[in-house]
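Here are my notes on the model you sent, set out as numbered points. Please read them beside the sequence and the coordinates.

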Amino acid sequence: MKRADIVTLDKRHVWHPYTAMETYIAQTDPMVVVRAEGPYLYDADGRRYLDANGSWWVSTLGHRHPRLVKALVEQASALAHVSLAGITHEPAARLAEELVAIAPGAERAGLPTDQRLSRVFYSDNGSTAVEVAIKMAAQYWAQNGRPQRTRFITLSGAFHGETVGATSVGGVPLFREVFGPLLFDVVHVPSPAEEGGWERAFAAVERTLREQGDTVAGVILEPVLQGAAGMQLYSPAFVKAVREATRAVDTFLIADEVFTGLGRTGARFAVDLADVVPDLLCLAKALSGGLLPFGATLATERVFSGFLGAKDRALYYGHSYCGNPLGSAVAREVLAVYRDEDVLGQVARKSIRVKAAFERMASTVPGLVRPRALGMVGAVDLGGGGYLSHGGWRVYEAARRRGLYLRPLGDTVYIAPALNIPDEALDELLHGVEASLREVAGS
């Protein structure tokens, strides 16, 4: 099919996510991607692009990693799908064992059994992984003596997904305000990345827990790195302080590691940077290998035990594709590749270059502010225009001409490439980002 025909059909029928469609239909000449491999996308015109954001942060091992493709094909030839409701299959059972074995706190000899992340509930994306955690927390308290605990504490700028529950605990006004009448009550506190630092943010959390703790079902965090807020970083000390505060009032800490989990920050999980074990841990993106939707919510033995007993105490929740064999098999191979290819070691080496490059850009390119980097994330701001600002999109166009797919967050230009991106491709990416920023700054 010719490129022009694809674009015509697309603009006639496809409603794109996070896209102002009137502008898109009238003005946008979209990339038409026909294949992908490693850190690269290839379009219908034969051009190659470096995928600077891992296709919305999912392709942490690059596109079409041969081991993941092989695992998918082999599993599809035996068992593509079966419900996980009251039956099981080997890929789901073995993946759960492997996730529990690497979960935060798994190697702590003295960690009490009820505080260990020992149970895995599968879903099919990051939003539902968070939705599961919200429902687990709320239902736990409802049927274990504290039914008044129905509220959650969340951060300004938080992003936890697209379902109504996940939107409720979000903190980006643009994404939630129109749905206000549909959302449940939450307590928003300042982000620890904002002016005043984590101490100011923690004071708000601690005060809320002290004064209203009996109404709080849990505190939900994107640990250390708030992605959709503009790659905002904050101190692991905040996560540790919140964990201690939730312990003091005996409520739950939910770690949304849909973006940060499995190496993005340099640690296996971002909560590891704070030496914290949450009560619930949400995973997706990297766990999927970028091949097909997959998510998981890990729960402590305490949370799990709160659903035992009479049948009406069960968690009546699930999706048709929860824990599907294809996704489970691919996720197992993802974990194997991390081990065999020393992916965390690769991040440790490459992250130094990412940090140095963004600091250099901010010091030499006019108009850039707040350079920041952690693990395989680097970001810089073109000003304070926010998510709807067009500044970052000017850089996007300049980068596209250089063979980079560099989707901004408003005025925030960032990279979050494959964790195993080859050194020469990383150099190409960093040089291309800098050249694009210089072009826009000089225009």
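**Notes on the predicted model**

1. I begin with T265, which lies in the loop between β10 (252–256) and β11 (280–283); as throughout this note, the coordinates come from a predicted model. Although T265 sits in a loop, its relative accessible area is 4%, so the residue counts as buried, the cut-off being under 20%. Leaving aside residues up to four places away in sequence, T265 touches L225, T260, A270, L273, L374 and G375.

2. Two of those contacts, L374 and G375, lead to the pairing of β13 and β14. Strand β13 covers residues 369–374 and runs antiparallel to β14, to which four bridges join it. The two strands form a hairpin with two residues between them, and in that turn G375 has a positive phi of about 55°. Within the pairing, R372 has A379 of β14 as its bridge partner.

3. How much of β14 (residues 377–381) is buried? Five of its five residues are, and the strand is accordingly described as mostly covered. In a regular strand the side chains alternate between the two faces of the sheet. For β14 both faces are covered, with V377, A379 and D381 buried on one side and G378 and V380 buried on the other.

4. Strand β14 also pairs with β16 (residues 412–415), again in the antiparallel sense and over four bridges. Here D381 has T412 of β16 as its bridge partner, and D381 is itself among the buried residues of β14. Strand β14 is thus bridged to β13 and to β16, and a reader checking this region may wish to view these pairings together.

5. A further group of strands involves β2, β3 and β15. Strand β2 (residues 40–43) and strand β3 (residues 48–51) pair in the antiparallel sense over three bridges, and Y40 stands opposite L50 in β3. Their hairpin has four residues between the strands, and G46 takes a positive phi near 85° there. On the other hand, β3 and β15 (residues 404–405) run parallel and are joined by two bridges, with D51 standing opposite Y405 in β15.

6. Is G180 buried or partly exposed? The residue is found in the loop between α8 (173–176) and β6 (186–189), and it is partly exposed because its relative accessible area is 35%, which falls between the 20% and 50% limits. The C-alpha atoms of G180 and G323 are separated by 32 Å, and the two residues are 143 residues apart along the chain.

7. Turning to the chain as a whole, there are 15 helices and 16 strands. The radius of gyration is 22 Å, which agrees with the value near 22 Å that a compact globule of 443 residues would have. Along the principal axes, the C-alpha atoms fill a box of roughly 65 × 55 × 45 Å. Of contacts between residues at least 6 apart in sequence, 70% join residues at least 24 apart.

8. Finally, on burial and surface, 53% of the 443 residues count as buried, while the chain exposes about 18,800 Å², of which carbon and sulfur atoms supply 55%. The chain has 46 positive and 49 negative charges, and the mean positions of these two sets are 1 Å apart.

Key
Residues numbered from 1 in each chain as written. Predicted model: local features only at pLDDT ≥ 70, side-chain atom pairs only at ≥ 80, totals over all residues. Heavy atoms only, no water. Rg over C-alpha atoms; globule rule 2.2 N^0.38 Å. Buried < 20%, exposed > 50% of the residue type's maximum accessible area, 1.4 Å probe, protein only. Contact = heavy atoms within 4.5 Å. Areas by Shrake-Rupley, 256 points an atom, 1.4 Å probe, with all protein chains shown as cover. Lys, Arg positive; Asp, Glu negative; His and termini not counted. Charge placed at Lys NZ, Arg CZ, Asp CG, Glu CD. Pairing = 2+ DSSP bridges.
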